[in-house]
Amino acid sequence: MPETTDTGLPGAPTPQAVGEFYDANNRAITEIYGGSMHYGYWLGPDDTSDFATAGQRLTDLLIGRLGAGPGDEVLDLGCGTGGPGVRLARATGARVTGVSISAGDVALAGARAEAEGVAGQVRFELADAMELPYRDASFDAVLAFESIVHLPDRGRALREIARVLRPGGRLVLTDLVERGAQEQDEHKRRAVAEMLAIWRAAPMTRAEDYPGFARDAGLVIDEIADITEHTKYTAAHIYTGTRDHLRRHGELPPDLARIHAMGEHVDWAEFTAAEQSDGMIIVVAHRPHAHGSGSDIRRT
């Protein structure tokens, strides 16, 4: 678990802790999430899509924003068990390199690429997102599906992404963010911190921090989209997924058992109807050509 900060709340996890978490839990998480390892995107309160459908919908939303095409080199930063990377390669014709700090993720993702017939187009490697083993300007695009939530320094992570992007190259990422006024309820603050610690996630940032992060990294923000109203149903689906997994298998890995226990007494209808104090954003950015930059941020 992450060490506590001087506030008494958990701080950022180490890469080793993140890798060990996914080594222990990736198979169960992939099953619970319906084949992926990231949030889902629902169209609204009447959307009865299952987790698998909603997860693929969010994958396709990010693939569309990435704008990759045949022959492009794309880095899938935090590839999980390979679902988005394989889907990206099939949808665009791009060559995909996926990286994870979890050796278990890499093995499962490689097996998926082999089973789906794209092993010649998609490869998965063990690597630390904060110290990527690639030359400068190696990729035309970078996709980071919730992986930045595990990194201790978002600014440094974006600088590393900018380093491996070619001029004109595009970045699309999702991140968990605090929304609205700072939470004053100490019990709720500690509950959120505990949940982040279980997932080996760093403390959340805010959407308005991203222009500064990007500027310091040498990137230009093109869009910041708050999609919380579409992704807020994910927590309830995680709870029902852990419940169903428990019924099928008779047990959950210890971390997921803790997540399940935290959701047992939540009124999920009330939760999703309430104003969300934290949520999710999509950030789209690019590395400018040397002759100039500028910014035209679109907020949605």
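Tutor: First, a term: residues touch, or are in contact, when they have heavy atoms within 4.5 Å. This is a predicted model, in which local features need pLDDT of at least 70 and side-chain atom pairs count only at pLDDT 80 or more, while totals for chains, interfaces and linings use all residues. Residues are numbered from 1 along each chain as its sequence is written, and side-chain values use heavy atoms, with hydrogens and water left out.

Student: Okay, which residues does serine 102 touch?

Tutor: Leaving aside residues up to four places away in sequence, the partners are Gly19, Tyr22, Asp23, Asn26 and Leu126. Serine 102 itself sits in the loop between strand E2 (95-100) and helix H4 (103-115). Helices (H or I, at least four residues) and strands (E, at least two) are DSSP runs, numbered from the N terminus.

Student: What makes serine 102 buried?

Tutor: Buried means under 20% relative accessible area, exposed means over 50%, and partly exposed is in between, using a 1.4 Å probe and protein chains only. Serine 102 has a relative accessible area of 0%, so it counts as buried.

Student: And why is its pairing with aspartate 23 called a polar contact?

Tutor: A polar contact is a pair of N or O atoms within 3.5 Å; within protein, one must be able to donate a hydrogen and the other to accept it, and residues adjacent in sequence count only if both atoms are side-chain atoms. The side chains of serine 102 and aspartate 23 come to 2.6 Å, so the distance fits the cut-off. The serine 102 side chain also reaches the backbone nitrogen of aspartate 105 at 2.9 Å.

Student: Where does arginine 206 find a polar partner?

Tutor: On the side chain of glutamate 208, at 3.0 Å from the arginine 206 side chain. Arginine 206 is in strand E6, and beyond four places in sequence it touches Val177, Glu178, Arg179, Gly180 and Ala181.

Student: Now helix H5. What makes it mostly covered?

Tutor: H5 runs over residues 154-164, and 8 of its 11 residues are buried. Those are Arg154, Gly155, Ala157, Leu158, Glu160, Ile161, Ala162 and Val164. The covering includes strand E1 (73-77), strand E4 (139-145), strand E5 (165-178), strand E6 (205-206) and helix H7 (210-217). At the start of H5, a side-chain oxygen of aspartate 153 comes within 3.1 Å of the backbone nitrogen of glycine 155.

Student: How do you know how long H9 ought to be?

Tutor: The expected span of a helix is 1.5 Å times one less than its number of residues. H9 has 16 residues and reaches 22 Å from first C-alpha to last, close to the 22 Å expected. Its buried residues are Thr234, Ala236, Ile238, Tyr239, Gly241, Thr242 and His245. What follows H9 is glycine 250, with a positive phi near 85 degrees.

Student: What sets glutamate 146 apart in its phi?

Tutor: Its phi is positive, near 60 degrees, in a residue other than glycine. Glutamate 146 lies in the loop between E4 and H5, and it is buried because its 10% falls under the cut-off. Arginine 200 also has a positive phi, about 55 degrees, without being a glycine; its loop is between helix H6 (186-198) and E6.

Student: Last topic: why is one space called a cavity and another a pocket?

Tutor: On a 1 Å grid over the protein atoms alone, a cavity is a set of points where a 1.4 Å probe fits but cannot get out; a pocket is an open set with protein on both sides within 12 Å along at least five of seven lines; and lining residues have an atom within 4 Å of a point. The search of the whole structure finds 1 cavity of 30 Å³ or more. Its lining is Ile29, Ile32, Tyr33, Trp199, Ile238, Thr242, Leu256 and Ile259.

Student: How does that lining split by residue type?

Tutor: Ala, Val, Leu, Ile, Met, Phe, Trp, Tyr, Cys and Pro count as nonpolar, Asp, Glu, Lys and Arg as charged, and the others, Gly among them, as polar. By that rule the largest cavity has 7 nonpolar, 1 polar and no charged lining residues. The second largest pocket instead has 5 nonpolar, 7 polar and 4 charged.

Notes:
Points joined across faces, edges and corners; volume = space filled by probe spheres on them.
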